[in-house]
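Q: I should like a close look at one part of this model, followed outward into the places around it. Please explain each term as it arises.

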Amino acid sequence: MADFDYDLFVIGGGSGGVRAARVAAATGAKVALAEDSRLGGTCVIRGCVPKKLMVFASEYSEIFSDARAYGWDIHEGSFDWGRFAGQLNTELDRLEGVYRGLLEGSNVEIFDQRAKLAGTHEVRLSDGSTRSAKHILIATGGHPVRPELPNAHLGMVSDDIFHMETLPRSILIVGGGYIACEFACILNGLGVEVTQFYRGAQILRGFDEEARGLIADQMQERGIDLHLGTNIVEMCPADAERPVGPAGEGLGAPVSEPRPGAQGGSNGPVWVKASNGMARSFDAVLFATGRAPNTRDMGLEEVGVTLGRRGEIVVDDFSQTAVPSIYAIGDVTDRVNLTPVAIREGMAFVETVFKGNPTPVDHELIPSAVFTQPEFGTIGLSEEEARDREPVEIYCTSFRPMQTAFAGRPDRVMMKLVVSKETRRVLGCHIVAPHAGEMIQLAGIAVKMGATKEDFDRTVAVHPTMSEELVTMKSPVRSA
């Protein structure tokens, strides 16, 4: 057998790569990991974690009025982006240190530089040196992309949000996926005037239609100016020369006065013309129009690794590429782009390669949450997907929750179960409500286990809670 520098070389220091490196090292393997940015990857540094902290910050804006409704003598304050951003960066530095400590504690050698393939068993580092490994694992994740539009560089992408020096007074968010909708709700809650363009007929494409409709309504109720079937046709710096209207007047509108809590923006202003005829200036523009795998200039195809049409690494059920010694996990494979999935894929890789226990990754019935306001928790099939497969019954309820109804807010929540007529199994569970992410984790256990509607019915309700509706819906609202 040939001698190698390492048993495993991991390219990418995100959650999936770090977990795989640590678990492999625990088997006695000699492991190295290379990361050219910050340890922790998208989730910890520029995704899930800082975004969720921003969600928490934005939710406090409604607490003041709610508290007064409950008898508290409390008055609105103002949001200090600089203070929050400083604390956020401190926390991210701490978490990056935790990741580094975990790797060092596992005796994983860390290279803080870019790495690419130099052969089926070789990795070339950016300092020009090469390392050999019996197995190579690629876990380089993905990145946000800007649309092909003149002056698109004037807009931010999601990575940039966390580095704003000040909050913009107004922002245009382009996109209708979960990233676009989450940041629309976050920035709205922080006092920014938010306009959102989405070229489709409804936001959150691919999710349950009834749920996405309710979320869109609630976003608009909170003051987000949502324009469906709309896209940018032209953008330029607000002070640049641009077309004039029929009467000879400029089409640009002045940036509106800041809402309470918002500060002046450090980007823009940017003038935008939309496909629906709107034309105005915004302090900032955020493109949330998609992500792409990080596979460019990595030497993948040169050594025989197959890439898909979007640049993703093609792997089998065991995360193995077309080259037997090279594996890939996480967003770079564009399978299910969620951090816990990347971690599961990393652990399955170690089981397969280092523990002699071939373990495919189970990508079925994965619970997930969209941190809009209200939140959306979901697992399994949407109503539309299920009725295309088999006859189903739909159990659904929508109501005003006790806490916010008492405070006079018009918020509504939704609970839905999609049930097979034949087997009675719950094929899908969809929750639109505060803390829906917390609820769907627990409901997901039952759905993953194959629980039937009657299993839900036999469960005694916890009263008074929103979630009790999941076990008290006795009659279907429709069949399909």
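A: The answer begins with one sheet, continues through loops and rings, and ends with a second sheet.

This is a predicted model, in which local features need a pLDDT of at least 70 and side-chain atom pairs count only at pLDDT 80 or more, whereas totals for chains, interfaces and linings use all residues. Residues are numbered from 1 along each chain as its sequence is written, and side-chain values use heavy atoms, with hydrogens and water left out.

The part chosen is an open sheet of 6 strands, in the order β17-β18-β21-β20-β19-β22, with antiparallel pairing. Strands (E, at least two residues) and helices (H or I, at least four residues) are DSSP runs numbered from the N terminus, and two strands pair if DSSP finds at least two bridges between them. At the edges stand β17 (368-370) and β22 (478-479), each of which pairs on one side only. Inside the sheet, β19 (residues 392-399) and β20 (residues 413-420) run antiparallel and are joined by 8 bridges. Tyr395 has Leu417 of β20 as its bridge partner.

Helix α8 (residues 209-221) packs on this sheet, where it touches β18 (375-380), β19, β20, β21 (426-433) and β22. Contact here means heavy atoms within 4.5 Å. The direction of α8 makes about 175 degrees with that of β20; axes are lines fitted to C-alpha atoms, for helices over the stretch in contact, and angles run from 0 to 180 degrees between N-to-C directions.

Tyr395 also has a charged partner: Lys453 lies over the face of its ring, at 4.4 Å from the ring centre. A charge sits over a ring if NZ of Lys or CZ of Arg is within 6 Å of the ring centre and within 35 degrees of the ring normal. By the same rule, the charged end of Arg280 sits over the ring of Phe282, 4.1 Å from its centre.

The loops of this sheet deserve attention next. Between β17 and β18, the loop contains Pro374, and the peptide bond joining Gln373 to Pro374 is cis, with omega about 10 degrees. A cis bond also runs from His463 to Pro464, with omega near -5 degrees; Pro464 belongs to the loop between α13 (453-458) and β22. In the loop between β20 and β21 is Arg424, whose phi is positive, near 70 degrees, although Arg424 is a residue other than glycine. Asn151, likewise not a glycine, has a positive phi of about 70 degrees. The loop of Asn151 runs between β7 (142-144) and α6 (158-161).

How accessible is Asn151? Asn151 counts as partly exposed because its relative accessibility is 30%; buried means under 20% relative accessible area, exposed means over 50%, and partly exposed lies in between (1.4 Å probe, protein chains only).

Thr333, in the loop between β16 (326-328) and α9 (339-353), counts as buried because its relative accessibility is 4%. The side chain of Thr333 reaches the backbone oxygen of Gly330 at 2.7 Å and makes a polar contact of 3.0 Å with the side chain of Arg335. A polar contact is a pair of N or O atoms within 3.5 Å; within protein, one must be able to donate a hydrogen and the other to accept it, and residues adjacent in sequence count only if both atoms are side-chain atoms. Apart from neighbours within four places in sequence, Thr333 is in contact with Glu312, Ile313, Val315, Ala328 and Glu345.

Gly119 lies in the loop between β4 (115-117) and β5 (122-125) and is buried, with a relative accessible area of 15%. Setting aside neighbours within four places in sequence, Gly119 touches Ile136, Val303 and Ile326. Gly119 and Ile326 are 207 residues apart along the chain, and their C-alpha atoms are separated by 10.0 Å.

Finally, a second open sheet has 4 strands in the order β10-β9-β8-β14, with parallel pairing. The edge strands are β10 (225-228) and β14 (284-287), and the twist averages 15 degrees from one strand to the next. Strand β8 (residues 170-174) pairs with β14 in the parallel sense over 4 bridges, and Leu172 has Val285 of β14 as its bridge partner. Helix α7 (residues 178-189) lies across β8, β9 (193-198) and β14, at about 165 degrees to β9.
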